[in-house]
Amino acid sequence: MTSSVALGPDTQESTQTGTEASTDSLTAPDIPWNLVIWNDPVNLMSYVSYVFQSYFGYSETKANKLMMEVHKKGRSIVAHGSKEQVEQHAVAMHGYGLWATVEKATGGNSGGGKSGGPGKGKGKRG
Amino acid sequence: MAKAFKYGLKGITGFLEPAERELLRSLFDDVISMLEPSDRGKQDPLAALIGLDMDVREPSDRALRRLLPNVIKDDAAASLEFRQLTERSLRESKIGALRAAALDLDKDELVLTPADARHWSTALNDVRLVLAERLDIRDEADADHVHQMQDWSQAEDVESYLALVYNFTTWLQESLVQAMLQSMEARP
C-alpha cells in the first residue's frame, strides 16, 4: 500500500470500539473459511481503511489495525465465515479494487475480524 | 490546477480544469474498454441474463488480471469456476462506476453525493491499478520511484508522462478518500 501525498494523517480517535463480534450469536464459533486481503504497492492506506469501515462496518480503530497488518505483514485475515459468505466478500473487495482471496481456515489465525459478515454497526454497502 | 476534494455543507466538492477533465475522461474510457467483454454477441442469452459466462478465462493481460483477480490463491481450476459465476457482474459493476464518474465530468463543479463519491473512488482506484501495471510498479520502492516524478516539464517520454498521470490520480483519490472519511465521521 502507499500512503501517498502529504495530506496529514487522521489522528482523531474513533468513538466506536470493535464490538461487532460479540453481537453475532447466530454464527458458529469455528467457521472454516477466511477472507484474506493482500498488500500491494498501489492501493492507498486511507482507501483500504475506508473500505474496511464502509463495507464491513468496522470501527476506524479496527479498520486501521487490519490495514496496517496488510501493509506490514503482507496479508491479513479480515473476515471469517462460510465459504459462500467469504466468497461474496471477496467479490465485493474485487469491486473496490482490493486484492482479496478466500482460503480454508487452518486454525492459526493472525488476527482479523471474527464476524461472519457485514451489516453491523454503521455498515453500508458500496 | 485541480483543487483537492473537500467535505463541507454541500457534501463532497471538487474542481478540475478542462484539460484534467479530458484526461480523466480518456482514462475512464480506456479502463471501460478493457473491461467490456469482447464476444458479447456469441453469448447464450439466458446465461448472460443471469450473469453466467462459461467461456471466461483468466485474463492474460496483467492489468486486467489485477482488476479481476483469482479468488483462490494457487488454485486456478477453482478460481476459474468461480470466475464463470461472478466475473461478468464484477466487470459490469466496475464499468458502471467508471461510466458514472465519467458523466460527472460534464459538470463545471464536482458536487458528489455519497453514491457519486463511491463511484469516483473505485473508478480512480481501477485507473491507478491499470497505470501501475503499465509502469511496472511491483513493490514500494517502485512506487516511491514513480512518486518522485512531479514536474510536468520533465515529461519527455511515455513512461514519465504515465508517471505524472499516475501521481495526479493518486493525489486526487487521496483527497477524495479523506473527504469521504470526514463525511463518515460527520454522519450521526
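At what angle do the axes of helix H1 (residues 45-56) of chain A and helix H2 (residues 60-73) of chain A cross? I put this to the model, which is a predicted one.

**Entry 1: H1 and H2 of chain A**

I find that the axes of H1(A) and H2(A) cross at roughly 130° and come within 8 Å. Because angles from 65 to 115 degrees count as roughly perpendicular and those over 145 as roughly antiparallel, I enter H1(A) as oblique to H2(A). I record the crossing of H1(A) with H2(A) as right-handed. On the H1(A) side I list Met45(A), Val48(A), Ser49(A), Phe52(A) and Gln53(A) as the residues that make the contact. On the H2(A) side I list Glu60(A), Ala63(A), Asn64(A), Leu66(A), Met67(A), Met68(A) and His71(A). I sorted the residues of this contact between H1(A) and H2(A) by character and obtained seven nonpolar, four polar and one charged.

**Entry 2: H5 and H7 of chain B**

I turned next to helix H5 (residues 114-134) and helix H7 (residues 158-186), both of chain B. Their axes lie 9 Å apart, and I note a packing angle of about 150°. Since the cut-off for roughly antiparallel is an angle over 145 degrees, H5(B) is roughly antiparallel to H7(B). I enter the crossing of H5(B) and H7(B) as left-handed. From H5(B) I note several contributors, among them Trp120(B), Leu124(B), Val127(B), Arg128(B) and Leu131(B). The H7(B) residues that they meet include Leu162(B), Val165(B), Tyr166(B), Leu172(B) and Met180(B). My tally for the contact of H5(B) with H7(B) is twelve nonpolar, five polar and three charged residues.

**Entry 3: H1 and H5 of chain B**

How far apart are the axes of helix H1 (residues 18-35) of chain B and H5(B)? I find 10 Å, with a packing angle of about 75°. That angle makes H1(B) roughly perpendicular to H5(B). I list Leu24(B), Leu27(B), Phe28(B), Val31(B) and Met34(B) in H1(B). They meet residues of H5(B) including Ala123(B), Asp126(B), Val130(B) and Arg134(B). Trp120(B), Leu124(B), Val127(B) and Leu131(B) of H5(B) take part here, and I had already entered these four in the contact with H7(B). Sorting the contact of H1(B) with H5(B), I obtained eleven nonpolar, no polar and two charged residues.

**Entry 4: chain A against chain B**

I then examined the contact between the chains, to which chain A gives 38 residues and chain B gives 38 residues. I record a buried area of about 3300 Å² between chain A and chain B, of which carbon and sulfur atoms give 62%.

Which residues form the salt bridge between the chains? I find Arg66(B) and Asp40(A), whose closest N and O atoms are 2.8 Å apart. I place Asp40(A) in the loop between strand S1 (33-38) and H1 of chain A, and Arg66(B) in helix H3 (residues 62-67) of chain B. The count between chain A and chain B is one salt bridge, while over all chains I enter 17.

Methods
Residues numbered from 1 in each chain as written. Chains lettered and ligands numbered in written order. Predicted model: local features only at pLDDT ≥ 70, side-chain atom pairs only at ≥ 80, totals over all residues. Heavy atoms only, no water. Axes fitted to C-alpha atoms, helices over the stretch in contact; angles between N-to-C directions. Helix = DSSP H or I, 4+ residues; strand = E, 2+ residues; numbered from the N terminus. Parallel < 35°, antiparallel > 145°, perpendicular 65-115°, else oblique. Left-handed = near helix turned anticlockwise from the far one by under 90°. Contact = heavy atoms within 4.5 Å. Nonpolar A, V, L, I, M, F, W, Y, C, P; charged D, E, K, R; others polar. Buried area = accessible area lost by both parts, 1.4 Å probe. Salt bridge = Lys/Arg side-chain N within 4 Å of Asp/Glu carboxyl O.
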